[in-house]
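Please open the structure in your viewer and keep the selection panel at hand. The tour proceeds one selection at a time.

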Amino acid sequence: MSAAAPMTSPVLPSLPADRLTRGLLVPAAAVAVLAVAAPFLGGYASDLVVKVMILAIFALSLELLVGMTGLVSLGHAAFYGIGAYVTVLASGDEGGNLLVLLVASMGLAALYALVVGALSLRTKGVYFIMVTLAFAQMAFFVFHDTPVGGGSDGIYLYVRPAIGPIDLENRLTLFYVVLAALAGTYGLLALIRRSRFGAALAGIRVSEQRMRAVGFPTYFYKLAAFVIAGALAGLAGCLVAARDGVVNPELLAWHNSGEVLLMIILGGLGHLRGAVLGAVAFTLLKELLSTHALVGPLADHWQLSLGLVIIAFVAWLPRGLIGLVQRISPEGSR
Amino acid sequence: MIETRELNTYYGDSHILRGVDAQLPGATAVGLLGRNGMGKTTFIRTLMGYVRPASGQVLADGRNVTGWAPERMARLGIGYVPEGRGIFPNLSVRENLVMAARAGVDGRRDWTFERVMATFPRLSERLSHGGQQLSGGEQQMLSIGRALMTNPRLMILDEATEGLAPLVVAEIWRVIAEIRATGIATLIVDRDWRKVLHHTDRAMVMEKGLITLAGGSAELLAQPEALAQRLGV
Amino acid sequence: MSDNADALLKVDGLTRRFGGLVAVGSVSLDLRVGEVHAVIGTNGAGKSTLINMLSGEIAASEGRIALERSDITALAQPRRALAGVGRSYQRNTIFAEFTVLENCRLAAQAATPRPWAFWESAARCAASNQAAHEAMEAAGLTAEAQRIAGTMSHGAKRQLEVAMCLATRPRVLLLDEPLAGMGAEETERMLALLSRLKASHAILLVEHDMDAVFRIADRITVMVNGTVIATGAPESIRTNPEVRTAYLGDEVPA
């Protein structure tokens, strides 16, 4: 990537300075609020918030790839779906050990990511996008057309995972576990972002040629990011299986890969908060636009409405929701 | 007649053309000399509209055509033979030529398919060959022939003899002389400054994005030291 | 050719073929600390291919490159860079959105990568900061440390392009047209920088600006059609009849 074009605005994110604690204040506050509010949320609200939190983890995992490293993948749902299926398949009839299932889901998702990454990172640009899509489609068809995962109908999770006193059958417990996973993911990515590894990824995103010229073996950095992103997507997948109690091949479908990409674009690329905001906004939009009580007959055509809203966002807020936040408080986001 | 005034072109922040004033009069052969990296190709690309200048003007017959897209510039009657030839590798020789056939801006049809065949006998032997099956010299001739098929008023030849064998080079200069004889104006960039000056009426020398020497070709031929200083080491 | 026992980078018979085309044919040269060795040549001479082989971006078809007697011919670019071969590009490869300090620090980080230490802050890496400050100082950019790189002037950006090579403390510098698109004042500043760097580095300079080349180069190699036709001190190159012919054609005036 040539960096010869002149800077048009100094508001683009620079390398995060060492203001880790300052940057985490707002997210930490949000976690605290959610933790306190959890017992008071009704069934529908609680389910919705859990769904959003899981999608936020999924979105954050893609943000590592797209926003931080500059690798646009259109096949990220594969790792999400693999995580989900592994959780169900390994649970058996008695339900599984939460820790074991987490490790297995994340591990196998990471393994597939290693294979996909090793091969697709040999390509660049449009070819990379196409290859990641192809690998995701392969995984999709494995679950869709073979008996491995119960075919196109999917399979049910009979008993949700548990470990010791932590039983995900309990709605409140599930909420806290997902919240902890989200907080952990966010924290991990925040640390990575300010670390040498994260700085190297940022450099690769901006000018891979320069990174190689000073001595970074960029292929391995990209592969590591790809695998970590895959593992985190697998984490989200494991949790969504626990929440929904059922998995089907659509989890790996390309439009799921497309949706998570839309989420981080909507929220604002290059910011962890953007990924979370995007997941929240996208999910809420979907909910609102398909609620008859709010939009009447349009609710049946929510995909059309959603599409139009996204186009409007991209046209007027090219930096996503984070761009809106930055306009209000320029110091706000880094 | 094409003119440029104070033309400034950048690639990113790199300031390549630094205020170029040049004239290409009608029915005149003009040479553009200079070491590589000095801006000759950038000048041509700016003229043709492939690159937008940051400031300055390009005028055609007094009309401001600065920033006009290449296809509009071509329709003014400019036949461009680019460095690297740019022929269509997936089309046959015949197709490459026929697709460009057009009457000139003033309605003239001097250059027909038959005339191009007569000028480039080697091409007539390879009409059904695909573009990429041709040798370098044949591709160059095809590129020139294709530009001629548009019956231009001005032909721009950027390094038309580069990388070609001496016999082919001689043939290309012969064709350039023939083009000149039919009254088509030319702008010729070539490393062989002697040949350029012999085949042109006027010439300019470009150094670091500026014209530092210009005049009649015969005059410049009589100043070999001035040329050697700008073109040599 | 004089003895090159003190040559830091020694290139022997370097060749590169693309199918039937010989882009670079058996080029030999050496780079010594304290010297600027310029490579000039006409269009298509093979200079780009040569510098790409030296930096490790293209593999050589034949030949050997030795850095202080260590054979580095098979090393890919990142390893070669860490071994001590830095490269600047004709078009800037700086990180326009980061500050000058962040640019140099990130470049310097290559020497102490610690990618697994994700809990440590990159900005606080003492070794990288130290090397970055040294590189900025060597390039005269210390005053611009907090400036966003993309907002600087073209000349300053080109200086940063060179400064980033310095951050990993290489001993060999391969500079590809550092003066591209520069006016007189910017050229002066860049030449001053190269003069300063010369003392402790072995510099290869590919350039078209003949005035600049003849001012700064200690030795010049001339390439035509992929091969070297002359190597020597600037004055000998200037009066070399083969070189004159290469640039000006046959029957060159006296």
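**Where two domains meet**

In this predicted model, begin at the boundary inside chain C: 13 residues of domain 1 of chain C are in contact with 13 residues of domain 2 of chain C.

To display the two parties, select residues 1-84 together with 170-254 of chain C, which form domain 1, and colour 94-169, which is domain 2, separately. The centres of domain 1 and domain 2 of chain C, taken over C-alpha atoms, are 26 Å apart.

Next, select α2 (77-83), β7 (172-176) and α6 (184-198) of chain C; these are the elements that each supply two or more residues to the side of domain 1 that touches domain 2. Which element gives the most to this side of domain 1 of chain C? It is α6(C), with five residues. Now colour this side of domain 1 by residue character: ten of its residues are nonpolar, one is polar and two are charged.

**The whole chain**

Select chain C in full and show it as a cartoon. Nine helices and ten strands can be found in chain C. The radius of gyration of chain C is 19 Å, and the globule rule gives a close value of 18 Å for 254 residues, so chain C is as compact as a globular protein of that length. Along the principal axes, its C-alpha atoms fill a box of roughly 65 × 40 × 35 Å.

Finally, colour chain C by burial: 51% of its 254 residues count as buried. Consider also its contacts between residues at least 6 apart in sequence, of which 67% join residues at least 24 apart.

Conventions
Residues are numbered from 1 along each chain as its sequence is written. Chains are lettered from A and ligands numbered from 1 in the order in which they are written. This is a predicted model: local features need pLDDT of at least 70, side-chain atom pairs count only at pLDDT 80 or more; totals for chains, interfaces and linings use all residues. Helices (H or I, at least four residues) and strands (E, at least two) are DSSP runs, numbered from the N terminus. The radius of gyration is taken over C-alpha atoms; the globule rule is 2.2 Å times the number of residues to the power 0.38. A residue is buried if 20 or more other C-beta atoms lie within 10 Å of its own, exposed if 12 or fewer, and partly exposed in between; C-beta atoms are placed from the backbone. Two residues are in contact if their C-beta atoms, placed from the backbone, lie within 7 Å. Domain bounds come from an automatic or database domain assignment. Ala, Val, Leu, Ile, Met, Phe, Trp, Tyr, Cys and Pro count as nonpolar, Asp, Glu, Lys and Arg as charged, and the others, Gly among them, as polar.
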